[in-house]
Amino acid sequence: MGKSLTEKDFDQVESWIGTGPKAFNLLYSIARDGCDAKVFHQKCDNQGPTLTVLYNKEGSVYGGYTSVSWFTPTTTSNQTDNSAFLYQLYYSGLNTPKKYSVKNGHTAICSVSNCGPVFGSSSVYDLHTFCGTIEKSSSGEYNLNGDMHFGKNYDIAGISSKEVNNEHLRVMEMEVYTAKDGQRKKPTLPTQWRKTAEFGPTMLDSLKDEVKGIHSPEGLDTPHFNILLIGPLGSGKSSFCNLVSSVFRGRISHRARVGGNSQSSTTTLLTPYTFGDKASLQLYDTRGVAETDTLDLLQCNFILDGNVPDFYEMSPSHLLKSNDAEFRYTPALKNETHCAVFVLDGSTVGAMPKPMLQKLLSYRDLLNRKEIPQVVLVTKIDQLCEQSAENMSNVFLSPTIKEVVEKVADLLKLPRNSIWPVKNYEEEVENDESINILALLALRQILFFAEDYLENMKVMKSRGVRGSVDSSQVEGEVRGSDTA
């Protein structure tokens, strides 16, 4: 979730208010106007119904609505308002819309001359934002000096404050909007943040031809670029295999099983998906990464080095060992991984558990040591931006999707041009031109990276150099970390 409400969010608030269409106009923003109680009152007093919105670094979005005006009293002034409510829209990046109405006979808001919005009374409040002036910290946050005590004046149905604000009142932004009767104008999209050709049939055909024309360097016995997909359960790895197949077949394809053994069971096959003469690549789908019971570094290293044969059955109880009959002792370059692709669910990146992030970073570190290039696919982007969901050609105009791309780049310490938003086919029954273009843009970058990797391997081969991370070294490190 970005530092601004989407049209879908405004629709949600409008339905909670329940009195017809509303035009929301920004009156006050602490990022724009400063976190100063005097400025809040200058801009927000006597404006009628208002919506207050707070955004924190974890991706939680919450606040309050009142149908009565804020004003600057000579003394503290408690006000009643049967239409007032507190709410949350997101918690740690997850969409969690909930409305908490004011209790009958209780104070709804309190106007205080030296304070920002206060929901509740002067002595017993539910959400007290700040008093005086708050400076932005070096982390980019405003450490508001108010507090939250949910349930005093508002019916919060057993929800505690920490389940709304992540146990603190540090915010990246706080906004106050008017909420007046009337139709709101749909916002215009900003400048394109990633430059591409204009989406359309010409671009689609050009990308298909370009992808088809990317081949392994001459002199190497590598008929395909081997691309390994790594990602959490349910992130969309198998669905991406189907997406690529759909692009080249011209129809929705279901070659890879989704929701079956590729995602939820304890056993999966190391399955390569090829695409004929449409693209010189093999996509290798792997078992989804979980916080426990998952692909470990040693098994990952075996796959990267080409020790694991195609269609090998992998499970926590059936791990490949170097003395197994199926183990490929002398893999060739054509058996190795030439580019690794992390697949992440864009709608849950902000709430990724720390153990999961640490696992992904351990894979990234191994890949870096082996000098294998990496790309990240950010899936489910239709859940991030309403305008992009309506038309996928808007993806590179969406500030919300840009923000998620930047967050992923920061989490995995990868350059922005390694992060590609894609939309897998899920409910669609016909191919979509813009969805296919996004897939091909990502695929082209993956193939470019793999081509560069093989070029480097060709140079090293010509000089008699062959670098790799020894599996016994990785095995020692894994066992060391398990006993630490």
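**Charges, loops and a buried helix in a predicted model**

Colleague: Between which two elements is the loop that holds glutamate 167?

Modeller: This is a predicted model, and in it glutamate 167 counts as exposed, because its relative accessible area is 65% and the cut-off for that class is over 50%. Its place along the chain is the loop that runs between α4 (162-165) and β14 (170-171).

Colleague: Near what value is phi of glutamate 167?

Modeller: Most residues other than glycine have a negative phi. Glutamate 167, which is not a glycine, nevertheless has a positive phi, near 70°.

Colleague: Glutamate 371 also has a positive phi although it is not a glycine; what is that angle, approximately?

Modeller: Glutamate 371 lies in the loop between α8 (354-369) and β22 (374-379), and at 57% relative accessibility it counts as exposed. In this residue, phi is positive and takes a value of about 60°.

Colleague: Which residue forms a salt bridge with aspartate 305?

Modeller: Aspartate 305 belongs to helix α7 (residues 297-305), whereas its partner sits in the loop between α8 and β22, so the pair ties together parts that are 65 residues apart in sequence. Aspartate 305 counts as buried at 12% relative accessibility, and the partner is buried as well, with a relative accessible area of 7%. The closest N and O atoms of the pair are 2.7 Å apart, and the residue that bridges to aspartate 305 is lysine 370.

Colleague: How many of the nine residues of α7 are buried?

Modeller: Buried residues in α7 include Leu298, Phe302, Ile303 and Leu304, and Asn301 and Asp305 also belong to the buried set. Just after α7, glycine 306 takes a positive phi of about 85°. The helix is largely enclosed by the rest of the structure, because among its nine residues the number that are buried is eight.

Colleague: How far apart in sequence are arginine 444 and glutamate 210?

Modeller: Side chains of opposite charge can pair when their charged atoms come close. Arginine 444 and glutamate 210 form a salt bridge in which the closest N and O atoms are 3.0 Å apart. The pair links distant parts of the chain, since arginine 444 is in helix α11 and glutamate 210 in helix α5 (residues 201-212), with a separation of 234 residues.

Colleague: Is arginine 444 buried or partly exposed, given its relative accessibility?

Modeller: A residue is classed as buried under 20% relative accessible area. Glutamate 210, at 31%, counts as partly exposed. Arginine 444 has a relative accessibility of 22%, so it counts as partly exposed.

Colleague: Which residue forms a salt bridge with aspartate 410?

Modeller: Aspartate 410 counts as partly exposed at 43% relative accessibility, and its partner is partly exposed too, with a relative accessible area of 37%. The closest N and O atoms lie 3.0 Å apart, and the partner is arginine 416.

Colleague: To what number does the count of salt bridges come?

Modeller: A pair enters the count when a side-chain nitrogen of Lys or Arg is within 4 Å of a carboxyl oxygen of Asp or Glu. Some of these residues form a network, in which Glu7, Asp11, Glu14 and Arg184 are linked by salt bridges. By this rule, the number of salt bridges comes to 13.

Colleague: Which residues form a negative surface patch?

Modeller: Glutamate 433, one of the residues of this patch, is found in helix α11 (residues 433-462). It is partly exposed, with a relative accessible area of 32%, so it passes the requirement of over 30% for patch residues. The negative surface patch is formed by Asp205, Asp209, Asp432 and Glu433.

Colleague: Which backbone nitrogen does the side chain of threonine 66 reach?

Modeller: Threonine 66 has its place in strand β4 (residues 61-66), and at 0% relative accessibility it counts as buried. Its side chain makes a contact at 3.2 Å, and the backbone nitrogen that it reaches is that of valine 68.

Colleague: What distance separates the C-alpha atoms of asparagine 82 and arginine 364?

Modeller: Asparagine 82 is found in the loop between β5 (77-79) and β6 (85-91), where it counts as exposed at 70% relative accessibility. Along the chain, asparagine 82 and arginine 364 are 282 residues apart, and the separation of their C-alpha atoms is 54 Å.

Terms used. Residues are numbered from 1 along each chain as its sequence is written. This is a predicted model: local features need pLDDT of at least 70, side-chain atom pairs count only at pLDDT 80 or more; totals for chains, interfaces and linings use all residues. Side-chain values use heavy atoms; hydrogens and water are left out. Patches are made of residues with over 30% relative accessible area and no salt bridge: like charges are joined within 9 Å, nonpolar side chains (Val, Leu, Ile, Met, Phe, Trp, Tyr) within 5 Å. Accessible areas come from the Shrake-Rupley method with a 1.4 Å probe; for residues, only the protein chains shown count as cover. Lys and Arg count as positive and Asp and Glu as negative; His and the chain ends are not counted. The place of a charge is taken as NZ of Lys, CZ of Arg, CG of Asp or CD of Glu. Helices (H or I, at least four residues) and strands (E, at least two) are DSSP runs, numbered from the N terminus. Buried means under 20% relative accessible area, exposed over 50%, partly exposed in between (1.4 Å probe, protein chains only). A polar contact is a pair of N or O atoms within 3.5 Å; within protein, one must be able to donate a hydrogen and the other to accept it, and residues adjacent in sequence count only if both atoms are side-chain atoms.
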